[in-house]
Amino acid sequence: MNLIFLGPPGAGKGTQAKNICNDYGVVQLSTGDILRANKKEGTPLGKTAQEYMDRGDLVPDDLIIKMIREEMKKPSCSNGCLLDGFPRTVVQARALEILLGEMGKKLDSVLVLDVPDEELVRRLSARLTCKSCGRSYNNIFNPPKVEGVCDDDGAELYQREDDSEKSIRNRLEIYKKMTSPLIDFYSNQDLCDEISGSGQINEIYSGIKNLLDKY
Ligand code: AMP
């Protein structure tokens with residue numbers, strides 16, 4: 001199964017992607033997580049990406065496409081992958097079509113998570129991320145068991161630099177301008193499945209499972 005998770009920042013893509021990967025044996029490929037790992041390790045890609053990411057701007061297409069090409073060709077993706085945060089532009093979507101064609105693969109579905117703007121700002125402002133594994137929590141509706149500490153590995157939780165209010169607003173604007181046209185792009189290919197991303201995490205996941213069980 002090759003899936004795309006599409007939706008604005010804060011829609012819950014990362015959280016739901018982890019559930020899907022556990023249940024369906026696909027690998028989550030989160031371009032945001034890969035970039036943050038590069039930033040932490042201080043690689044040339046991480047250094048270049050940092051200024052774009054901290055402002056909430058998109059990292060240039062050519063860098064992202066090169067990165068995702070390398071990731072998707074790894075053996076771990078042979079059972080399929082869940083693309084989380086990629087593609088974010090029409091240029092990236094076209095590059096993905098070429099890449100999948102070269103690999104003899106196809107897209108099964110594009111899951112679109114829909115959440116109102118004000119809810120997104122509220123969620124992102126309260127989001128905490130694990131410094132070690134990248135798991136997301138939310139102080140309001142999905143807090144860790146022990147304050148400030150990841151349930152999975154005990155590492156410290158932090159607020160991402162791009163989860164400041166200014167950067168959040170910028171990311172939402174960019175989503176509307178650059179990424180939301182992909183909903184039409186994939187609807188035209190009859191690939192989109194829209195899901196409401198509001199409500200309890202497990203209820204949203206039930207809706208996703210109902211859809212995926214079709215494939
Ligand atoms: P995310 O964790 O998906 O919210 O991504 C965090 C940041 O990484 C974004 O705000 C962008 O700066 C960068 N980024 C992640 N994925 C992409 C992508 N597909 N294209 C361009 N920039 C990206």
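Let me begin at the ligand, where one of its oxygen atoms is 2.6 Å from a polar backbone atom of aspartate 57. Please keep in mind throughout that what we are looking at is a predicted model. Staying with the backbone, a nitrogen atom of the ligand has a backbone N or O atom of glycine 85 at 2.9 Å, and in the case of glutamine 92 a polar atom of the side chain lies 2.9 Å from a nitrogen atom of the ligand. On its own the ligand has 480 Å² of accessible area, and the protein covers 96% of that.

Where, then, does the ligand sit? Its place is in the largest pocket, and 16 residues surround it there, the closest being Thr31, Asp57, Gly85, Arg88 and Gln92. If we sort this shell by class, we find 6 nonpolar, 4 polar and 6 charged residues. Which element gives the largest share of the shell? That is helix H2, made of residues 31-41, which contributes 4 residues.

Let me now step back to the whole chain, in which there are 9 helices and 8 strands. Its radius of gyration is 16 Å, close to the 17 Å that the globule rule gives for 215 residues, and therefore the chain is as compact as a globular protein of that length. Taken along the principal axes, the box that its C-alpha atoms fill is roughly 45 × 40 × 35 Å.

I would like to finish with two details of the backbone, and for these some background is useful: most peptide bonds are trans, and most residues other than glycine have a negative phi. Between phenylalanine 86 and proline 87, however, the peptide bond is cis, with an omega of about -5°. Proline 87 belongs to the loop that runs between strand E3, residues 81-84, and helix H5, residues 90-102. The second detail is aspartate 190, a residue other than glycine whose phi is positive, near 60°. If you want to find aspartate 190 in the structure, look in the loop between helix H8, residues 181-187, and strand E8, residues 192-196.

Technical notes:
Residues numbered from 1 in each chain as written. Predicted model: local features only at pLDDT ≥ 70, side-chain atom pairs only at ≥ 80, totals over all residues. Heavy atoms only, no water. Near = heavy atom within 4 Å. Polar contact = N/O pair within 3.5 Å; in protein donor to acceptor, adjacent residues only side chain to side chain. Areas by Shrake-Rupley, 256 points an atom, 1.4 Å probe, with all protein chains shown as cover. 1 Å grid on protein atoms, 1.4 Å probe; cavity = no way out; pocket = protein on both sides within 12 Å on 5 of 7 lines; lining within 4 Å. Sits in = over half its atoms within 2 Å of the grid points. Helix = DSSP H or I, 4+ residues; strand = E, 2+ residues; numbered from the N terminus. Nonpolar A, V, L, I, M, F, W, Y, C, P; charged D, E, K, R; others polar. Rg over C-alpha atoms; globule rule 2.2 N^0.38 Å.
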